[in-house]
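Hi,

Here is the structure I said I would pass on. Have a look at it first, and my notes follow underneath.

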Amino acid sequence: MEVSAMEEALPKATARRKGGLRTIPFIISNEIFEKVATFGLTANMILYLTERYLMSSAVATVVLYFWNAISNFLPIFGAVLADARLGRFRVIALGSCVSLFGMCLLCLTAILPVYKKTPECAAAARPESGCVVLPWQLPLLFTSFALMSLGSGGIRPCTLAFGADQLDKRDNSAKNVRTLQTFFNWYYTVLGLSIVFAATIIVYIQQARGWVVGFAVPVVLMVTALTLFLLGSPFYVKVASDRSVIIGFMQVLVASYKNRHEPLPPETADSSSFYNKAGCKPRTPTNKLRYLNRAGVLRNPSKEVSPDGAACDPWRLCTVQQVEDTKAVIRVLPIWSTGIMPGVIVGQQMFPTLQAKTMERTVGKMEIPAASFGVFAILTLTVWVAVYDRVLVRPLSRLTGHARGLSLRQRMGAGLALFAVAMAVAAHTESVRRAAAIAQELRDPGHPDEPVHMSAMKLVPQHCLTGLAEGLNLIGQIEFYYSEFPKTMSSIGVSLLALGLGFGAVLGSAIVGVIGAGTRSGGHDGWLPNNLNRGHYDYYYLVLAVLCTANVVYFMVCGWAYGEEGQNRVVAADAEAEDDKVEEHKAVII
């Protein structure tokens, strides 16, 4: 198999003097502190917006949905910047600095006064009774959100791919596949533990010591993260950026369109009918997405190819490898679209926080913060990843013949099914909670702070199911994109998960808006009012369960159409055979 122009920029595994396991502590430490800082801010944000900025639950939820969406859209741009221009190391460092500045601004919103000094506000027993938010506070808040989103756009798509660069040997051997899977799994295990810390300790600090101290701690942690990452700089493998990553993709699309009226060679045609880079092993393109093969068809070699072997017009003639790399990206898109619905589920965790706030949260003598119940999802994800990697992979691989145990699509499909089950369980739990609230006559607005006589631990099963679904589907998506994309598009591949979550956040916001507006009529509050006891959040969860079920069916169709996995990575034997023919390129040490 031909080594693509995009992949030649990578260092040969045998010549690698940098990277390896010694770099992983620096990368993982950076990610741990960054995640603790980021999640420590977002976990409790629904309460910050409703209590300090006097937003309604619905408005605060939409704000957080859009913040989540922007944070998940921007990584695709950070990935393109890393793969095509600056390199992953620089983008991670730059993103960390921008995110740190955003956190400082958020801390400033907690330090500065938020309400206008009026007699009505001074006399009000509760801020919502007579206080008005200062006009400059919201712009400052939203600026901090924007900067943190911009910073995460550089960190999220690059950190995982950058860590894998230190270990990946560029082949599809069982040993390399297993090494990368172990790295991905333990990467998420460590990140899961860091998020558990954020959802408990940081959230507790915010509740016990106030917002100023609670927001200052993440700032200190982010400074630590950036420092640790920069300290490891001399040891990293820093793969050179390659502008042809994006240009080559566009050239294939343009060339196939320009040649749309030209006939295709028969399926039995040999490699002489197609353009292959000089010095590389000749090959023919696959018959999947055969329309794109027009970009690589040779019709008049003497006029189309220069004496040095380069295409005279690269926007009309592309190499077979360019065509296959483009196909790899396009073929992934239908399966990627099934990751939008998980984004809706992951993004709507504000509602379980509001539910927990209305329930009894005391365990022994300790009251669990409402935002900390999400820790059960992370703990489940963490335990699942560890058990799967250490216990289940070997016996499963003997049964299935896959080095990963279950295939990536099997794991992704199982995760999607569990998302549907989690939403059905959430609907049942909310129905029981609402019935208990009605029995206590808590629909009356005069009892805003009185808890329902029902333990918030009843929310744990839905959180655990969601965490298991994330462990199967989201980690499966990351591995799938990383393994199916050309190597130097790894950051772009990894960023597809965040992009899907971003679209999911937008879709989730739309669902909340439509349900809120469509069910509110006359004197009725609709399904999603501020007072959960007067609404029907259980119906909302049922809608999500139905959508998740439909998504599972759609995924099965997409998976069947995709075909076999793992055909887009460079096979070790082919790569070694071609290394004698192509010019050796080494990683640029920035």
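Let me start with the surface: Leu 108, Ile 111, Val 212 and Val 213 make up a nonpolar patch of about 280 Å². Two helices feed into it, since H4 (88-111) and H8 (211-231) each supply at least two residues of that patch. Val 213, which sits in helix H8, is partly exposed at a relative accessible area of 35%. That value is over the 30% needed for a patch residue. Do keep in mind that this is a predicted model.

Next up is Arg 52, in helix H2 (residues 45-52). This one is buried but has no salt bridge. Which side chain of opposite charge is nearest to Arg 52? That would be Glu 51, and it is 9.4 Å away, whereas a salt bridge has to be within 4 Å. What the Arg 52 side chain does reach is the backbone oxygen of Thr 109, at 3.0 Å. Leaving out residues up to four places away in sequence, Arg 52 touches Leu 47, Thr 109, Ala 110, Leu 112, Pro 113, Val 114, Tyr 115 and Gln 137.

One last thing, on the backbone this time. Leu 289 has a phi near 50°, so a positive value in a residue that is not glycine. You will find Leu 289 in the loop between helix H9 (244-258) and helix H10 (301-304). Is Leu 289 buried, partly exposed or exposed? Partly exposed, with a relative accessible area of 36%.

Cheers

Technical notes
Residues are numbered from 1 along each chain as its sequence is written. This is a predicted model: local features need pLDDT of at least 70, side-chain atom pairs count only at pLDDT 80 or more; totals for chains, interfaces and linings use all residues. Side-chain values use heavy atoms; hydrogens and water are left out. Helices (H or I, at least four residues) and strands (E, at least two) are DSSP runs, numbered from the N terminus. Buried means under 20% relative accessible area, exposed over 50%, partly exposed in between (1.4 Å probe, protein chains only). Patches are made of residues with over 30% relative accessible area and no salt bridge: like charges are joined within 9 Å, nonpolar side chains (Val, Leu, Ile, Met, Phe, Trp, Tyr) within 5 Å. Accessible areas come from the Shrake-Rupley method with a 1.4 Å probe; for residues, only the protein chains shown count as cover. Lys and Arg count as positive and Asp and Glu as negative; His and the chain ends are not counted. A polar contact is a pair of N or O atoms within 3.5 Å; within protein, one must be able to donate a hydrogen and the other to accept it, and residues adjacent in sequence count only if both atoms are side-chain atoms. Contact means heavy atoms within 4.5 Å.
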